[in-house]
Amino acid sequence: MRFAFCPSCGARLGERPLGDDGMVPWCERCGRPWWDAFTTAVICAVIDERGRTALIRQSYGDTGRFVCVAGFMKPGETAEEAVRREVLEEIGQQVEDVRFIRSYVHQGKDMLMLGFAAHVRERPFRLSDEVAEAVWLPPGEALERLKNSRIAALLVRETAEKELKSE
């Protein structure tokens, strides 16, 4: 999101050179810069004790493809807390261990996605209203189902590679 008006006072923003950043949006009234904003979300490769990955098909938007569990972070919440909350809310699995894999830029949505491996002990799925279906798949099958989902496929591939290295 690019600000045209100051979020604090509502004045139209100008531009001012600021250090190494070059020209940045600036509020003359408040005397401060307003950096372009982006949304932060978590995306999770949910892995059970047998090494399978949980994928979901959402009940809204693009309902024809499988994706990883993901969601927006809430104010005051750490990324790890967001992972635990989203996995519990969307598929009813209790996360036992959370490991950061890496961050991904979702170009079309001005979004930073923080990718995690979320380890669980498999329990029956309890799906939220946002989820139409959830399945457990071995990594290879999960990657096949994710072939049209760039970030989720990268996360599952990178998680599988890290899991093999740590064994």
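**Confidence, pocket and cysteines in a predicted model**

Q: In which element of the chain is confidence lowest, and in which is it highest?
A: This is a predicted model, in which local features need pLDDT of at least 70 and side-chain atom pairs count only at pLDDT 80 or more, while totals for chains, interfaces and linings use all residues. Residues are numbered from 1 along each chain as its sequence is written, and side-chain values use heavy atoms, with hydrogens and water left out. With pLDDT being the predictor's confidence in each residue, from 0 to 100, and helices being DSSP runs of H or I with at least four residues, strands runs of E with at least two, numbered from the N terminus, confidence is lowest in α3, at a mean of 85, and highest in α1, at 98.

Q: What is the mean pLDDT of the chain?
A: Where pLDDT is low, predicted coordinates should not be read in detail. In this chain 98% of the residues reach 70 or more, and the mean is 93.

Q: How many disulfides does a search of the whole structure find?
A: A disulfide is counted when a pair of cysteine sulfur atoms lies within 2.5 Å. The sulfur of C30 is too far for a bond, because the closest cysteine sulfur, in C6, is 3.8 Å away. C68 is in no disulfide either, the nearest cysteine sulfur, that of C44, being 8.0 Å away. The search of the whole structure therefore finds a number of disulfides, by the cut-off of 2.5 Å, equal to 0.
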